[in-house]
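Here is a friendly walk through the pockets and the overall build of a protein model. Please take a look at the sequence and the structure before reading on.

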Amino acid sequence: MQKLDFKLNTFTGIDDVTASAIVAEIGDISRFSSADKLAKYAGLTPSQMSSGGRGKDCNQRQGNRALNKILWGLAVR
């Protein structure tokens, strides 16, 4: 992580193992043109289910499930 010069482990709650797992799952971050596209890749964007004029927002079931699990774990800490 020091050779790659990433600063993820400076955030509270992210150690070297978690930071390296995030980097491994995302890969080259420059392939995402916006944060929205990275969030969609991680499966963090909500989707709307509707029928007959009624609807509700649900969690996205698509995306990188391993990255989603890592980020979800950080959110609930």
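In this predicted model, the lining of the largest pocket is made up of 13 nonpolar residues and 1 polar residue, with no charged residues. The pocket that these residues surround has a volume of about 260 Å³. Its lining counts 14 residues, and those closest to the centre are Leu8, Ile22, Ile26, Ile29 and Leu38. Three elements each give two or more residues to this lining: α1 (16–26), α2 (35–42) and α3 (65–76).

The second largest pocket makes a good companion for a side-by-side view. Its volume is about 200 Å³, and its lining is divided into 4 nonpolar, 5 polar and 2 charged residues. Among the 11 residues that line the second largest pocket, Gly43, Leu44, Asn59, Asn68 and Trp72 are nearest its centre.

Here are the two pockets together:

| Pocket | Volume | Lining residues | Lining by class |
|---|---|---|---|
| Largest pocket | about 260 Å³ | 14 residues | 13 nonpolar, 1 polar, no charged |
| Second largest pocket | about 200 Å³ | 11 residues | 4 nonpolar, 5 polar, 2 charged |

Now for the fold as a whole. The protein has 3 helices and 2 strands, and along the sequence they come in the order α-α-β-β-α. The radius of gyration is 15 Å, well over the 11 Å that the globule rule gives for 77 residues, so the protein is more spread out than a compact globule. You can follow this in the C-alpha trace, which spans about 55 × 30 × 15 Å along its principal axes.

How much of the protein counts as buried? Of its 77 residues, 21% do. The surface that the protein exposes comes to about 6,100 Å², and carbon and sulfur atoms supply 53% of that area. As for contacts between residues with a separation of 6 or more, 35% of them join residues 24 or more positions apart.

One residue is worth a visit of its own. Ala21 sits in helix α1. Is Ala21 buried, partly exposed or exposed? Its relative accessible area is 26%, so Ala21 is partly exposed, since the buried class ends at 20% and the exposed class begins over 50%. Ala21 also has a partner to compare along the chain: Lys69 is 48 residues away from Ala21 in sequence, yet their C-alpha atoms are 11 Å apart in space.

Note on methods. Residues are numbered from 1 along each chain as its sequence is written. This is a predicted model: local features need pLDDT of at least 70, side-chain atom pairs count only at pLDDT 80 or more; totals for chains, interfaces and linings use all residues. Side-chain values use heavy atoms; hydrogens and water are left out. On a 1 Å grid over the protein atoms alone, a cavity is a set of points where a 1.4 Å probe fits but cannot get out, and a pocket is an open set with protein on both sides within 12 Å along at least five of seven lines; lining residues have an atom within 4 Å of a point. Grid points are joined across faces, edges and corners, and a volume is the space filled by probe spheres set on the points. Helices (H or I, at least four residues) and strands (E, at least two) are DSSP runs, numbered from the N terminus. Ala, Val, Leu, Ile, Met, Phe, Trp, Tyr, Cys and Pro count as nonpolar, Asp, Glu, Lys and Arg as charged, and the others, Gly among them, as polar. Buried means under 20% relative accessible area, exposed over 50%, partly exposed in between (1.4 Å probe, protein chains only). The radius of gyration is taken over C-alpha atoms; the globule rule is 2.2 Å times the number of residues to the power 0.38. Contact means heavy atoms within 4.5 Å. Accessible areas come from the Shrake-Rupley method with a 1.4 Å probe; for residues, only the protein chains shown count as cover.
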